[in-house]
Amino acid sequence: MAVYQTKGVCSRSIEIELEGSKIKSVKFNGGCNGNTKGISSLVKGMEVDEVIARWKGTDCGGRGTSCPDHLAKALEAMKAQNA
């Protein structure tokens, strides 16, 4: 499991567990409880590249980032570490 520290969003960190190239689990620490639980449920079983493609650059309230955007950034960092 990897823990990604967020910046500029309500969640403080994201815990991510992969199974090969698929997402096994995601847990946001902090943030909008219902939204982050929904995101975690939606991405379970998805391919990492699909999540990155769909959610990278998503903005929340003009912040220039969001919890989904940070998830995409975290997945990119995990891919780079495993390359």
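These are my notebook entries on a predicted model of one protein.

**Entry 1: the overall layout**

I began by listing the elements, and I found three helices and three strands. Which order do they follow from the N terminus? I read them off as β-β-β-α-α-α, and I kept that order in mind for the later entries.

Next I looked up the overall dimensions. The C-alpha trace spans about 35 × 20 × 20 Å along its principal axes. I then checked the radius of gyration, which is 12 Å; a compact globule of 83 residues would have a value near 12 Å, so the two agree.

I also asked what share of the contacts with a separation of 6 or more joins residues 24 or more positions apart. The figure I noted is 38%.

**Entry 2: surface and charge**

I looked at the outside next. The protein exposes about 4900 Å², and carbon and sulfur atoms supply 50% of that area. For burial, I wrote down that 36% of the 83 residues are buried.

How many charged side chains are there of each sign? I noted 12 positive and 9 negative ones. The centres of these two sets lie 6 Å apart.

**Entry 3: the nonpolar core**

I reminded myself of a general point: in soluble globular proteins, nonpolar side chains tend to be buried together. Then I turned to this model, where the largest nonpolar core has 18 residues. The residues with the most contacts inside this core are Ile16, Val26, Val43, Val51, Leu71 and Leu75.

Which elements give two or more residues to this core? My list has two strands, β2 (11-19) and β3 (22-30), followed by the helices α1 (33-43), α2 (48-55) and α3 (67-82). The largest share comes from α3, with five residues.

I picked Val26 for a closer look. Setting aside neighbours within four places in sequence, I found Val26 in contact with Ile14, Glu15, Ile16, Ser40, Val43 and Leu71. Of these partners, I recognised Ile16, Val43 and Leu71 from my list of core residues with the most contacts.

**Entry 4: Met78, in helix α3**

I wanted to know whether Met78, a residue of helix α3, is buried or exposed. Its relative accessible area is 11%, and the cut-off for buried is under 20%, so Met78 counts as buried.

Which residues does Met78 touch, leaving aside those within four places in sequence? I noted Ala2, Ile16 and Leu18. I also looked up Met78 and Glu50: they are 28 residues apart in sequence, and their C-alpha atoms are 14 Å apart in space.

**Entry 5: Gln5, in strand β1**

I went to strand β1 (residues 2-5), where Gln5 lies. With a relative accessible area of 51%, against a cut-off of over 50% for exposed, Gln5 is exposed. Not counting residues up to four places away in sequence, Gln5 touches Arg12 and Ser13.

How far apart are the C-alpha atoms of Gln5 and Gly62? I noted 20 Å for this pair, with their positions 57 residues apart along the chain.

**Entry 6: Gly64, in a loop**

I found Gly64 in the loop between α2 and α3. Gly64 counts as exposed, at 54% relative accessibility. Beyond residues up to four places away in sequence, Gly64 touches Asp59 and Asp69.

I paired Gly64 with Val3 as well: the two are 61 residues apart in sequence and 22 Å apart from C-alpha to C-alpha.

**Entry 7: Ser41, in helix α1**

My last stop was Ser41, found in helix α1. Is Ser41 buried or exposed? Ser41 is exposed, and I noted its relative accessible area as 56%. From the C-alpha of Ser41 to that of Asn82 I found 24 Å, for a pair 41 residues apart in sequence.

Conventions:
Residues are numbered from 1 along each chain as its sequence is written. This is a predicted model: local features need pLDDT of at least 70, side-chain atom pairs count only at pLDDT 80 or more; totals for chains, interfaces and linings use all residues. Side-chain values use heavy atoms; hydrogens and water are left out. Helices (H or I, at least four residues) and strands (E, at least two) are DSSP runs, numbered from the N terminus. The radius of gyration is taken over C-alpha atoms; the globule rule is 2.2 Å times the number of residues to the power 0.38. Buried means under 20% relative accessible area, exposed over 50%, partly exposed in between (1.4 Å probe, protein chains only). Contact means heavy atoms within 4.5 Å. Accessible areas come from the Shrake-Rupley method with a 1.4 Å probe; for residues, only the protein chains shown count as cover. Lys and Arg count as positive and Asp and Glu as negative; His and the chain ends are not counted. The place of a charge is taken as NZ of Lys, CZ of Arg, CG of Asp or CD of Glu. A nonpolar core is a set of buried Ala, Val, Leu, Ile, Met, Phe, Trp, Tyr and Cys residues joined through side-chain atoms within 4.5 Å.
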